[in-house]
Amino acid sequence: MRLGRENAELTGHEDRTWHLAWNPKHPLLASCSADKSVRLFSYGTQNGLLDSPKFNPATSIPSVHSRTVRSVAWSPSGKSLATASFDSTVSIWERSSGSDDDGTASSGEWECVSTLEGHESECKSVGYSFNGSLLASCSRDKSVWIWEVQPDADFECISVLMEHTQDVKCIAWHPKEEILASASYDDTIKLYLDDPEDDWYPFTTLTGHTSTVWSLSFSPSGRYLASCSSDLSIKIWQREQAPGNRGEKWTCQLTIPNAHSRAIYSVSWTIAQEASAGSDEELGWLASGGEDGRINIWQIQAPEKSSGSNSSLRYSLLVSQSSAHGVADVNAVAWCPRDGFRDLLGSVGDDGLLRVWRIELDVVQMGPKSNKIVHLHYTLRELVLWDDL
Amino acid sequence: MKALVQSIRLIVFGIIDSLMLRHREALKGLGSQFVSERPRNLIVSFAIMRVLLIEFNVLSQIDNLFDITFCYFPITFKPPPGDVYGVTTDDLRDGLQSCLNATPLFGPLALPLLLEKLSASTGNLKRDTLQTLESCLPVYGRAVALNYAPELWESFKIEIFQPADPDTEGSALRATQSLIRTLYSLQDIPTSGEIQADGLIVDIVQECKKILREPEKSQAQHAIKLLSACICTTAPIRQYVLSQGAICVISGSTHMIGLSYRGHILAGLTGFIMAVNQAYKSGVVDDVEQPLDTFKDQIIGAFSSGINVASCRRAALEGLHQIVQIRRLVPIAELGLLVHIINEHLNPKEEDHDDLRPEALKVVLAISQITTKPVEEISLPHLFLFLPDITPSRNALREHATYRRALDSLATICVQPPLFETFVIRLCSKLDMLCSPMRQPLDDEADAAYAHAILLALKNVLVIKIRDAHTDIPKYLDQLALPLYWIFIRAAVSSAPPLASSDIRVVSLAAKIITLIARSLPLERALFAAYQSGTTTPLLAGRRLPGMQSHSPPFLWSLVEATNERQSLAMFHTISSIFNKRLEDAQPFLQTRLPEFWEESIASATVPIEARRRALLGYIWALLVRNDPRVNVCVNRLFSIFSDPQLGWHAAKAVGEFGRGGGDVLTKRNFSVIRMLHTQRFMTSTLPQIIAGCKISPDLTEHTTYLIALTSLINSVPKAMFLSELPTIMPFLLRGLDVPDEEMRANIINTLNAVAKDESSSQVNVISEHASTIVTALLRNADYEITKSSRLRATALQCLGMFPSIVKYSVLHPQRNHVISRLSKALDDPKRSVRKEAVDTRSHWFAYQG
Amino acid sequence: MPIPTATMDNPNPVIFSSKKDIRREVRSIWIDSSEEFIDAAEEGDNLPEVIDEDEIYDLLRSITDPEHPSTTLEQLGVVTAEQIKISGNHISVRFTPTVPHCGMATLIGLSLRVRLLRSLPARFRVDITVKEGSHQSESALNKQLNDKERVAAALENTTLLDVVNGCLATANLRGRDPIDAA
């Protein structure tokens with residue numbers, strides 16, 4: 001299996017690209033870089049499908065940040081973009097008037113509408129809760145901050161969680177509830193809930209990784225959480241008890257050891273596509289990328305029904321694309337969350353590039369005609385990011 | 001001044017006084033601006049001030065004079081790029097220093113302030129302060145130095161024991177030396193063995209001794225440097241430091257139970273001996289003084305036993321190398337003993353000795369400069385044993401490595417005349433054997449490689465002897481050149497010469513040796529040798545031309561038939577060297593034969609192109625003969641074939657060849673008559689013609705031909721000859737950086753390198769103007785997928801690496817990141833030498849900041 | 001600027017003699033290194049000479065210690081050729097801090113990392129670690145030096161970057177004496 005590459009290369013950032021985010025509503029994609037800028041790319045759509053496999057640079061935001069922009073996140077409405085920077089701030093960007101709902105029009109400029117200060121050192125990750133009412137950020141100062149999103153681009157810090165003993169590398173919100181997860185250089189993952197009577201509190205600590213946990217991704221259903229680490233493994237954690245109460249427990253259901261040959265920097269979870277989708281067993285696809293320059297796509301499935309209740313999740317490697325960014329590290333991977341475009345995967349790397357891939361299914365028949373073996377063979381095909389290069 | 005009458009003196013005084021006053025006012029008004037705007041004036045006023053301070057009685061005005069002088073300290077002026085006045089920071093610094101050290105009266109005023117500056121400054125300013133102290137202390141004198149000695153020493157100490165960089169460390173050591181000289185200038189050399197001292201030097205030695213108790217630590221190295229610096233001051237101090245310091249170190253070596261730090265102890269000892277050597281060299285030790293006499297036996301004992309311990313062998317050898325060089329210290333008999341000891345570590349079979357072999361050989365070489373006898377009797381026989389009579393087979397790499405080591409070692413130590421003589425005799429007989437037509441070699445190629453190694457060893461020693469201007473070289477015309485000549489003649493006339501005497505590598509090396517010897521001969525013998533080699537070279541090239549005469553025209557034609565480049569080149573060299581010396585023979589040749597040759601062999605389209613090309617090369621070499629007006633006519637013929645699609649390119653390159661005036665063949669050393677003016681005149685007449693040619697339409701092939709002629713020409717002449725034309729030719733050079741011809745690109749980059757290296761030249765600005773274009777072109781030239789020659793890639797990178805230091809950041813900063821990222825490809829160049837340049841260049845660009 | 005003795009972790013470290021020329025294996029019976037035969041053909045052959053441990057060592061040996069700006073890591077025994085290993089595109093560099101409580105170890109490691117980042121092709125992955133048992137916070141140090149995000153953030157700190165650049169200023173000497181080189 002391989003990731004096929006058509007023609008696409010985008011000479012985008014002038015320095016290492018750290019992170020990317022798909023706009024959940026509009027055909028827009030954002031990437032951020034050590035060159036302190038954020039870039040936006042658009043793609044054409046028709047009848048809810050990709051118009052042509054072409055992505056075009058829409059605009060570059062010469063950001064207000066004075067250092068590396070480490071992470072980007074869209075609000076669920078697709079109207080706001082949050083950026084986290086090594087300069088210890090988070091900025092919120094919105095389009096000035098003149099933009100239409102489509103989001104692709106070039107009329108409105110992206111403007112910084114708010115800057116959230118408070119962290120003491122490099123801010124490393126930022127994200128909106130499922131309904132967009134909360135924003136979380138984390139930093140090397142070991143803290144996670146939760147902000148309430150108020151009208152008129154106003155943000156109020158409602159909680160500062162100092163639970164980790166080292167840098168917090170990443171935060172992730174649950175897709176359907178107000179549950180927050182954070183991953184740290186201290187090798188642990190922590191999950192937080194809001195106590196309506198009191199403050200946000202950490203209700204559990206997930207231990208098991210033996211080195212820095214770099215990235216987290218909830219499954220689309222919200223029942224699972226994937227994590228990846230410098231210990232070369234990916235772990236899948238499962239929610240054990242009824243949600244929402246203090247006794248809620250998450251346990252490790254699956255470890256994929258040596259999922260990459262060097263540190264794994266990013267995971268992203270999506271629902272499965274095409275042939276394999278729809279079955280009860282199907283938990284979806286997990287993309288991972290890391291220092292070894294590979295992008296791997298893992299199929300995660302529920303335990304076989306025939307076997308006992310204690311049996312664990314199953315996984316198989318669907319695609320392994322080596323040299324996804326030439327000789328460079330892959331810093332982040334992200335599936336497109338929009339219906340009709342869920343087969344699109346974006347990746348960014350130390351080469352400064354953003355790449356967009358589409359996972360495609362090839363059916364390969366082998367053996368003599370009378371005795372056919374049909375292989376379902378997935379490939380990642382890279383899409384053209386712009387055509388005038 | 002005293003010669004003038006009182007009244008005139010007063011007037012002069014008044015003028016200077018008023019000048020000074022006005023100067024001071026101007027100074028107060030302008031402050032540091034004055035310095036940056038009028039550095040030339042400042043230089044003049046420093047000079048006036050110095051005269052004033054030395055010649056006049058300035059006692060009553062001393063405070064004022066000091067104030068207006070010292071306010072310039074330290075000099076922070078930096079000349080603007082491309083400064084036309086050429087006043088440098090150093091000029092100003094020297095000027096100011098010459099004022100500050102003009103009078104002892106400044107001492108009490110300057111020292112407290114300099115001390116203050118010393119603790120408050122860093123980098124260049126700190127070094128400047130230290131250097132100023134160094135030059136001022138002797139002038140200020142003992143009394144004032146004594147007052148400030150403890151504070152000065154405390155300040156110097158920091159720079160010596162925690163040095164920020166080697167330069168500052170050196171300045172601090174020199175300032176300390178100056179202080180010690182000043183403090184102890186009045187002391188006599190002690191007559192008795194007991195050395196008395198007091199004051200600062202006692203403190204210094206005590207402090208160092210304490211540190212030397214841990215000889216393996218970094219502080220010990222600083223202590224040794226400091227004591228070494230003291231050794232280089234005055235005789236009494238030297239005696240005191242050596243008796244205290246050396247005793248401390250030697251007692252360390254005998255009392256140390258573990259051996260682990262012995263190497264460090266020996267290295268420390270070596271440091272002292274080096275300092276004594278240094279003192280001898282700088283002339284501060286007189287003939288009477290024998291500073292190391294008392295410690296000699298102990299020191300040699302420590303070193304010679306150290307040789308037997310692996311961990312301190314290097315230190316011991318380095319120590320011996322130093323001590324045998326001390327004048328009249330080690331007796332001849334003991335030197336023989338040392339040669340014996342070292343011999344055990346010179347076994348060519350032992351790969352393990354490779355690490356320290358150069359050190360061991362250095363000691364033997366140093367001994368051979370004092371006496372050759374022990375080396376001849378002990379080292380040589382030992383090493384000759386490892387030159388086999390039967391050549392090992394080509395697969396026996398280990399055995400080949402063994403004799404190579406023996407040859408290498410011999411070549412290192414057989415430099416002195418008696419040793420070289422033995423060396424030549426022994427090696428010639430080996431060669432004679434290898435090259436004998438009667439020989440039935442077991443392995444032809446192995447024999448040839450062995451012969452080559454022998455010749456290389458001979459050549460390497462010759463090169464060293466020539467460098468050191470040894471007077472025994474001429475006798476090797478008979479003892480080496482002729483035997484070699486006959487060895488190869490004999491082979492050449494035999495029906496089946498052995499490979500050892502016909503392999504091109506072996507033969508050209510032999511030819512080189514003959515040339516080296518011929519070069520070193522007095523003129524009358526050289527002429528003879530030139531004829532010899534005149535006949536030798538074609539022979540070596542595989543052609544026998546019986547009865548050939550130097551000016552015989554068929555000879556020129558014969559080269560058209562030559563079968564390979566090396567052969568024809570050898571012949572061109574011969575023709576040129578011969579004609580050059582025998583001009584009268586060449587007259588008819590130049591007048592009639594050469595034009596004929598042009599028509600028949602070059603201009604004629606019926607001749608095969610290969611032959612025409614060769615003939616053209618020959619033509620050029622023939623032209624190089626001499627400064628003769630007819631030559632210019634012939635050169636101009638070259639331009640007439642520039643449009644020839646097949647020959648134009650070669651004709652263009654030939655122009656450069658001509659500019660070089662014969663390269664390394666027709667040099668003075670080969671007794672050819674070459675005049676710089678000749679090249680200059682050629683440039684003046686040819687360059688405008690070539691530049692005009694470059695201006696024609698780039699679509700025409702001739703355009704490129706002219707570009708080639710231009711680049712090839714300027715690459716072969718000293719840069720002063722074209723520097724003024726640089727602005728005109730730069731655009732052509734830039735165009736040339738993109739042509740496929742790599743030789744041409746190399747020529748251009750070499751030229752750029754030469755211009756860029758001379759930072760003071762105003763023509764650096766021409767590079768600045770085109771910086772962006774050049775950088776882009778250099779990056780392409782450094783790309784291993786575009787450029788085949790690794791040397792060109794390396795040169796391009798080197799050139800690129802100079803830009804950060806010659807072009808202002810504001811000009812190139814938009815390209816900085818791009819250059820850095822493009823260079824990452826060169827970091828993966830297949831060739832190590834190119835990668836090294838890429839790393840260096842890239843680090844210069846990383847450091848390139850506004 | 002010299003660091004005051006009182007605050008130095010190791011004001012007086014042990015000095016090691018530097019490794020001299022790097023030996024290369026005899027491959028042919030011909031002494032082909034002599035200048036006579038480097039002609040155009042060889043110059044253009046481009047037969048790959050792979051990057052080996054010695055080449056990496058050459059890159060690192062003349063980096064200086066932040067605490068002793070005139071002393072190289074080679075002289076301090078902090079890096080040695082034996083502690084460098086290459087396999088394919090993976091390089092492992094181990095270094096030995098002069099004392100187990102050496103507070104400069106992070107800076108030294110960072111200097112090594114930056115030197116290799118700047119000098120090696122991007123295809124290489126480099127692990128930099130302290131020698132086992134040579135430092136009291138060994139694992140913390142190792143983790144920090146190999147966390148690319150922390151390294152990247154550190155290099156955006158200009159004060160830190162100045163110190164690192166200072167340590168690298170002499171790196172191009174590759175074991176040569178600064179005086180000889182000049």
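Which residue is the bridge partner of A:Trp147 in E12(A)? The bridge partner is A:Cys157. The legends below start from that pair. The model shown is predicted.

**View 1. Strand E11 of chain A and its partner E12.**
E11(A) runs over residues 144–150. E12(A) covers residues 154–161. The two strands run antiparallel, and seven bridges join them. A:Trp147 and A:Cys157 form one of the bridge pairs. Look also for A:Glu148, which stands opposite A:Glu156 in E12(A). Three residues lie between the strands of this hairpin. One residue to find at the turn is A:Asp152, with a positive phi near 60°. In a regular strand the side chains alternate between the two faces of the sheet.

**View 2. The other side of the story: E10 and E11 of chain A.**
E10(A) spans residues 134–139 and pairs with E11(A). The pairing is antiparallel and extends over five bridges. A:Ser137 has A:Trp145 of E11(A) as its bridge partner. Four residues lie between the strands of this hairpin. Here A:Lys142 takes a positive phi near 75°. Is E11(A) largely enclosed by the rest of the structure or largely open? Five of its seven residues are buried, so E11(A) is largely enclosed by the rest of the structure. A residue counts as buried here if 20 or more other C-beta atoms lie within 10 Å of its own.

**View 3. The annotated repeats of chain A.**
Chain A has 28 strands and zero helices. An unreviewed UniProt entry annotates "repeat: WD" over several stretches of chain A, among them residues 116–150 and 206–238. Other stretches under this annotation include residues 10–51, 62–94 and 161–192. Residues 116–150 of chain A are 57% strand and 0% helix. The end C-alpha atoms of that span lie 13 Å apart. For residues 206–238 of chain A, the strand share is 55% and the helix share 0%. Here the end C-alpha atoms lie 11 Å apart. Of the 389 residues in chain A, 50% are buried. Among contacts in chain A with a separation of 6 or more, 53% join residues 24 or more positions apart.

**View 4. Confidence along chain A.**
The average pLDDT of chain A is 85, and 82% of the residues score at least 70. Which element of chain A has the highest mean pLDDT, and which the lowest? Strand E17 (residues 213–218) has the highest, at 98. Strand E28 (residues 373–382) has the lowest, at 69. Now find residues 1–10 of chain A, where pLDDT stays under 50. The model has 37 contacts beyond four places in sequence for this stretch. Where pLDDT is low, the predicted coordinates should not be read in detail.

**View 5. B:Ile299 and its contacts.**
Chain B has 39 helices and zero strands. B:Ile299 lies in one of them, helix H14 (residues 296–306). B:Ile299 is buried, with 27 other C-beta atoms within 10 Å. Leaving aside neighbours within four places in sequence, B:Ile299 is in contact with B:Leu269 and B:Ile323. B:Ile323 is 24 residues away from B:Ile299 in sequence. In space, the two C-alpha atoms are 8.7 Å apart. Over chain B, 72% of the contacts with a separation of 6 or more link residues 24 or more positions apart.

**View 6. Helix H37 of chain B.**
H37(B) runs over residues 790–806 and has 17 residues. The helix reaches 25 Å from its first C-alpha to its last. That is close to the 24 Å expected at 1.5 Å a residue. Why is H37(B) called largely enclosed by the rest of the structure? The reason is that 13 of its 17 residues are buried. Across the 850 residues of chain B, 45% count as buried.

**View 7. Where chain C touches chain B.**
This contact takes 48 residues from chain B and 38 residues from chain C. On the chain C side, the elements giving two or more residues are helices H2 (53–60), H3 (105–119) and H6 (158–168) and strand E2 (68–72). E2(C) gives the most, with four residues. The chain C side divides into 19 nonpolar, twelve polar and seven charged residues.

Terms used: Residues are numbered from 1 along each chain as its sequence is written. Chains are lettered from A and ligands numbered from 1 in the order in which they are written. This is a predicted model: local features need pLDDT of at least 70, side-chain atom pairs count only at pLDDT 80 or more; totals for chains, interfaces and linings use all residues. Two residues are in contact if their C-beta atoms, placed from the backbone, lie within 7 Å. Ala, Val, Leu, Ile, Met, Phe, Trp, Tyr, Cys and Pro count as nonpolar, Asp, Glu, Lys and Arg as charged, and the others, Gly among them, as polar. The expected span of a helix is 1.5 Å times one less than its number of residues. A residue is buried if 20 or more other C-beta atoms lie within 10 Å of its own, exposed if 12 or fewer, and partly exposed in between; C-beta atoms are placed from the backbone. UniProt positions are given in the numbering used here, feature names are shortened, and annotations may be inferred rather than shown by experiment. pLDDT is the predictor's confidence in each residue, from 0 to 100. Two strands pair if DSSP finds at least two bridges between them.
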